[in-house]
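Me: Here is the entry I would like to discuss. Could we go through its interior?

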Amino acid sequence: MGISQYIKEIGRGARGAKPLSREQAADLFGQVLDGQVTDLEIGAFCLAMRIKGETAEEMCGFLDATHQRVAMLPATDRPLIVLPSYNGARKLPVLTPLLALLLAREGLPVLLHGMRTEARRVLASDVLEALEVPALKAPEKIANGTVSHIHTQHLHAGLARLLAVREVVGLRNPGHSVVKLMCPCAGPSVVVTAYTHPEYFDMLQAVFTTLRMSALLSRGLEGEVATDPRRTPRYDGFVHGVHSVLGEQQPGTASEVPGLPAGIDVDTTAAYTRQVMAGELPIPPAIRRQVEHILQIAVRTAQDTASETTP
């Protein structure tokens, strides 16, 4: 059938475009993931959505299609902490690996998934490899207190192809939003995600509420989910879709973070991460607070899940 009828609706510019229903969005995105459309149609879809922007209902439909197709990891003993990582470091060291290891030290199972979508950035997965955390080749159950990472290709090849369109057209597309929200786990999970532009907040809150997701949402650093170690952002928590403000934004930016290196290369970032984990350097207070909030959401998610399954 193709997706031309959908492109006609979403491709009429910022003012003339019409939003899709959740069901229409799921059908469109499913066809894209399944490789049932031409490269020209995919390009038209990506550019049209870039101009129009995604509604909450459309994003729910995109996630519906993704969760129906993505390779799921088996349920974990505690809620799986999901860290999407698709941007990497450009100005400051990428601290997503440190966040992952600190969460695992609290006894949580942690999954980092991602792939390169921009050239010349240092990826969190590269740092984890330098820390001798090997990448998974296929989804598998993650033990409590363990960090694993996996390339998007092994979760769904069509999703990885869609992300790679950025290399051709130079712009992000709905796939980049989907991967930062998806839950590739058959059991309870907590998605840690971030937004850069304030206008995305309302859309993300609506998605978490509609899909009854557990998540931590805050302003990220260069597109990564680990918080900026120099600042204290607002933290919004969601437990099965129920929203609460966990911490308000604090003014100011620290002029220095003790021990944080000036270099952002893989070896320097890995060495810094080792030193923090060994207690030789302090954990940045902002990262410590983020760990505490995630742990709180994981505990509440486990409690709510247990109460729902207890007769």
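Reply: A cavity here is a set of points on a 1 Å grid over the protein atoms alone where a 1.4 Å probe fits but cannot get out. Its volume is the space filled by probe spheres set on those points, joined across faces, edges and corners. The model is predicted, with local features needing pLDDT of at least 70 and side-chain atom pairs 80 or more, while totals for chains, interfaces and linings use all residues. Residues are numbered from 1 along each chain, and side-chain values use heavy atoms, without hydrogens and water.

Me: How many cavities of 30 Å³ or more turn up?

Reply: The search of the whole structure returns 2. The largest holds about 50 Å³, and the second largest about 40 Å³.

Me: What lines the largest cavity?

Reply: Its lining (residues with an atom within 4 Å of a point) includes Gly88, Leu92, Pro93, Leu221, Glu222 and Glu224. By class there are 7 nonpolar, 2 polar and 2 charged residues, with Gly counted as polar and Pro as nonpolar.

Me: And which residues line the second largest?

Reply: Among them are Ser85, Leu112, Met115, Arg116, Ala124 and Glu224. Strand 2 (110-114) and helix 7 (124-130) each give two or more residues to this lining; both are DSSP runs (helices H or I, at least four residues; strands E, at least two). The classes are 4 nonpolar, 3 polar and 2 charged.

Me: Changing topic, which residues does Phe29 touch?

Reply: Leaving aside residues up to four places away in sequence, Phe29 contacts (heavy atoms within 4.5 Å) Phe45, Phe62, Ala65, Thr66, Leu159, Leu162, Pro174, Gly175 and Val178.

How values were computed: On a 1 Å grid over the protein atoms alone, a cavity is a set of points where a 1.4 Å probe fits but cannot get out, and a pocket is an open set with protein on both sides within 12 Å along at least five of seven lines; lining residues have an atom within 4 Å of a point.
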